[in-house]
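Please open the structure in a viewer and keep the sequence beside it. The tour below proposes selections one after another and states what is found at each.

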Amino acid sequence: IKEEVMIPEESEEFDDLHEIEIDPEYQKKQRNKRIMIVVGSVVTVVACYLIYFQMTRVKMPDFVDKSITDVRKWATENRMEIDMKPAYSLKIESNDVMKQNVSPGKKIKKGSTIVLTVSDGADPEEVIPLPDFKSMSEPEVQAFVEENKAENLSIMSEYSDKVEKGKYIRSEFSNKEVTADTYRRRDSVNVYFSKGVEVFEKDIAVPDFTGKMKSDVEEWVSKNSIKMTYEEVDSDKVEEGKIISQSIEKNKKIAKHDKMTVKVSLGKAIVVPNFSNYSAETGSTDVEGLEVVVQQ
């Protein structure tokens, strides 16, 4: 819309050259501009706050059943303080988190302190009456250990010539005053089960002991765990203390705990005379090699 504006007569020449236009939307545009500036400022402030909030807050993880090592790592990365409260537990492993005072997923400010209940494992002072192991198998005893967290109860195996393989042999308490009824989790006990009869490989070569001293045989027996029997016999040919013969020939292979016999010389035998032909005086002195005691 164009409107004519009256100007002085002396400016008629100027009026012919210029016209003034007035925009009726000007005020509205100015108002919209101010509104946009205000809105933009508000958005900027909100955005800055949200950025600040995100930078100063952290989402709380679910640490239940997690190791305290994982918690410490997270706390260090996010500048968090940890207040740990120990508690005994049969279900939660030692040093794992049982409870947390902040719900998982909640946003918390960095630098805050979170309170965690951390497992100390099973109570070592708790009394655990032991069952009758005689009627139990090794896997059943192992299940008892795991269920009751009886970590100081050790299952041992040993060879036995008398007890069938897999059967209970005995229980041994480290403290002699402890019984099956007074056993506490901190007490130590070994429960033994049989591995049956030990079978050894026949890999020991038998030497030729003929003419060797008995002490040589004893040394070999001790080294190889052989069940040796020594038979002492007299000999006119083999010096006293030396081996006359052996029950297992040389170079034959035997195993540990196998049985063997050697004959050991007592030296030359002395023939005992008929002392009825001697007097008390001559009987005690005339027989060489014999110590004779005369009784009247």
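Which backbone oxygen lies 3.1 Å from a polar atom of the side chain of Asn152? It is the backbone oxygen of Arg186. Before the tour proceeds, please note that this is a predicted model, in which local features need pLDDT of at least 70 and side-chain atom pairs count only at pLDDT 80 or more, while totals for chains, interfaces and linings use all residues. Residues are numbered from 1 along each chain as its sequence is written, and side-chain values use heavy atoms, with hydrogens and water left out.

**The whole chain**

Display the protein chain as a cartoon. Its secondary structure comes to six helices and 13 strands; helices (H or I, at least four residues) and strands (E, at least two) are DSSP runs, numbered from the N terminus. Of its 296 residues, 24% count as buried. Buried means under 20% relative accessible area, exposed means over 50%, and partly exposed lies in between (1.4 Å probe, protein chains only). Among the contacts in the chain with a separation of 6 or more, 67% are accounted for by residues 24 or more positions apart; a contact means heavy atoms within 4.5 Å.

**Stop 1: Asn152**

Select Asn152, in the loop between α4 and β6 (153-158). Asn152 counts as partly exposed because its relative accessibility is 31%. Now add Arg186: the two residues are 34 residues apart in sequence but 6.4 Å apart in space, C-alpha to C-alpha. Besides the pair with Arg186, the side chain of Asn152 reaches the backbone oxygen of Arg185 at 3.2 Å. Such a pair is a polar contact (N or O atoms within 3.5 Å; within protein, one must be able to donate a hydrogen and the other to accept it, and residues adjacent in sequence count only if both atoms are side-chain atoms). Not counting residues up to four places away in sequence, Asn152 touches Tyr183, Arg185, Arg186, Asp187, Ser188 and Val189.

**Stop 2: the largest nonpolar core**

Select Leu130, Phe133, Val141, Leu153, Phe173, Tyr183 and Val191, which have the most contacts inside the largest nonpolar core, a set of 16 residues. The elements that give two or more residues to this core are α4 (138-148), β7 (168-173) and β8 (189-194). A nonpolar core is a set of buried Ala, Val, Leu, Ile, Met, Phe, Trp, Tyr and Cys residues joined through side-chain atoms within 4.5 Å. In soluble globular proteins, nonpolar side chains tend to be buried together. Next, centre the view on Phe133: leaving aside neighbours within four places in sequence, Phe133 is in contact with Val141, Leu153, Tyr168, Ser171 and Val191.

**Stop 3: Ser194**

Follow strand β8 to Ser194. Is Ser194 buried or exposed? Ser194 counts as buried, because its relative accessibility is 5%. Its side chain reaches the backbone nitrogen of Gly196 at 2.8 Å. Leaving aside neighbours within four places in sequence, the contacts of Ser194 include Glu158, Ser160, Val163 and Ile169.

**Stop 4: Ser89 and Asn95**

Select the loop between β2 (81-87) and β3 (97-100), where Ser89 is found. Ser89 counts as buried, because its relative accessibility is 12%. The side chain of Ser89 reaches the backbone nitrogen of Ile92 at 3.0 Å, and a polar atom of that side chain lies 3.2 Å from the backbone nitrogen of Lys91. Not counting residues up to four places away in sequence, Ser89 touches Met98, Ser119, Gly121 and Ala122.

Asn95 also lies in the loop between β2 and β3. Asn95 is not a glycine, yet it has a positive phi of about 75°. Most residues other than glycine have a negative phi. Asn95 is partly exposed, because its relative accessible area is 43%.

**Stop 5: Val262**

Finally, select Val262 in strand β13 (residues 259-265). Val262 is buried, because its relative accessible area is 0%. Add Ile243, which is 19 residues from Val262 in sequence and 6.8 Å from it in space, C-alpha to C-alpha. Leaving aside neighbours within four places in sequence, Val262 is in contact with Val217, Met228, Thr229, Tyr230, Glu231, Ile243, Ser245 and Gln246.
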